[in-house]
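Dear colleague,

I am passing on the structure we spoke about, and I would be grateful if you could look it over. My notes on it come after the model itself.

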Amino acid sequence: MKRILLEIAAALLLIAGSGMARVGECAEVEAGIKMWLNDWHRSAPGFVSITSDDTMLLGPAIEVMFPNHVFAEASYLFSTADYKFSAPAEPAKFDRQDVDLAVGYMVVPEFGVLLGYKNTSFHEQIRGTRDTVFGPLMGVRWIAPVDVALSFYGRLNYLFTKFKETDPEGIGREDSPGWTFEFGARYAFTRVFSGRLGFKYETNTGKDSDTRDSFAGLTFGGMVTF
C-alpha cells in the first residue's frame with residue numbers, strides 16, 4: 001500500500017507541475033483540500049446491522065481542465081480518526097485510505113462523462129485484518145451555474161469494484177460493485193479561491209456474501225486556481 005501511495009503522490013505532483021507550467025497556454029489547474037465527514041453502515045444476512053461513529057476523511061485533491069474539454073482528477077483522502085463500531089459482541093476500529101483517479105470529457109460545458117479507478121483500503125486495528133475495495137469506475141458529472149460566483153454540482157459513478165480481505169486465516173475475494181453520488185454548491189470567494197459544501201453517499205455490496213457497506217455524510221473543500 002505504501003508503494004501505491006507514493007506512486008499516487010508522484011502522479012499528483014507531476015500533474016500539478018505540468019499543469020501549472022503550461023496553465024497560461026493550455027490548462028486550468030485547481031488544487032486544494034477535500035474533506036468528507038461520514039459514518040459507515042454495514043448490513044449482512046444473519047447479522048444485526050451496525051453503524052460506526054462519524055469519521056473525517058481529509059487529503060489533497062487536484063483537477064486539471066484542458067481547452068479541448070478533457071479533464072483529469074486525482075485525490076488521496078485518509079481518516080483522521082478510526083471508524084469505531086461499539087457492538088458488544090465484536091467491537092472494531094478501522095482506519096481508511098482512499099485513492100481516486102479519473103479522466104473525462106465535457107460533452108457540453110454543463111455535462112461530462114468520465115472513466116476512473118478507485119482504491120479504498122481499511123485496516124482493522126484489533127484483529128489486524130486489511131480490507132480493500134478496488135477497481136475501475138465510470139460516471140457522469142454536471143454543473144449548474146447560478147451566477148459568476150455560485151454554481152451547483154453533482155456526480156454519479158458506478159463502481160466495477162472487487163473486495164479483498166487479508167487476515168491471519170488467509171485471503172478472501174469477491175466481486176463487490178457499487179455506486180457513489182455527490183451533490184453540492186461551489187462558491188468563488190475570489191478569482192483564485194473557491195469553497196465547496198456538499199453531501200456524498202457511497203455503497204457497495206458483495207455478490208457472494210451479500211454484505212452491504214454504505215458511507216454517507218457532508219463534504220467540504222477549498223481549492224486554489226492556477
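Below is what was found, starting with the whole protein and then turning to a cavity and to one arginine.

Please keep in mind that this is a predicted model. The protein holds 1 helix and 14 strands, and of its 226 residues 41% are buried. Among the contacts with a separation of 6 or more, 55% join residues 24 or more positions apart, while the accessible surface comes to about 12,200 Å², with 65% of that area belonging to carbon and sulfur atoms.

The search for enclosed space gave 1 cavity of 30 Å³ or more, and the volume of the largest cavity is about 90 Å³. Its lining consists of W40, R42, T120, F122, D131, V133, L159, F163, E202, N204, D213 and F215; two or more of these residues come from each of strand 1 (28–43), strand 7 (111–124), strand 8 (130–145), strand 13 (193–205) and strand 14 (212–225). Sorted by class, the lining has 6 nonpolar, 2 polar and 4 charged residues, which may be of use if you plan to examine this space yourself.

The arginine is R155, which is found in strand 9 (residues 150–159). R155 counts as buried because its relative accessibility is 17%, under the 20% cut-off. Its side chain makes a polar contact of 2.8 Å with the side chain of E73, and, leaving aside residues up to four places away in sequence, R155 touches E73, L114, V140, R141, W142, T180, F181 and E182.

With best regards

Terms used: Residues are numbered from 1 along each chain as its sequence is written. This is a predicted model: local features need pLDDT of at least 70, side-chain atom pairs count only at pLDDT 80 or more; totals for chains, interfaces and linings use all residues. Side-chain values use heavy atoms; hydrogens and water are left out. On a 1 Å grid over the protein atoms alone, a cavity is a set of points where a 1.4 Å probe fits but cannot get out, and a pocket is an open set with protein on both sides within 12 Å along at least five of seven lines; lining residues have an atom within 4 Å of a point. Grid points are joined across faces, edges and corners, and a volume is the space filled by probe spheres set on the points. Helices (H or I, at least four residues) and strands (E, at least two) are DSSP runs, numbered from the N terminus. Ala, Val, Leu, Ile, Met, Phe, Trp, Tyr, Cys and Pro count as nonpolar, Asp, Glu, Lys and Arg as charged, and the others, Gly among them, as polar. Buried means under 20% relative accessible area, exposed over 50%, partly exposed in between (1.4 Å probe, protein chains only). A polar contact is a pair of N or O atoms within 3.5 Å; within protein, one must be able to donate a hydrogen and the other to accept it, and residues adjacent in sequence count only if both atoms are side-chain atoms. Contact means heavy atoms within 4.5 Å. Accessible areas come from the Shrake-Rupley method with a 1.4 Å probe; for residues, only the protein chains shown count as cover.
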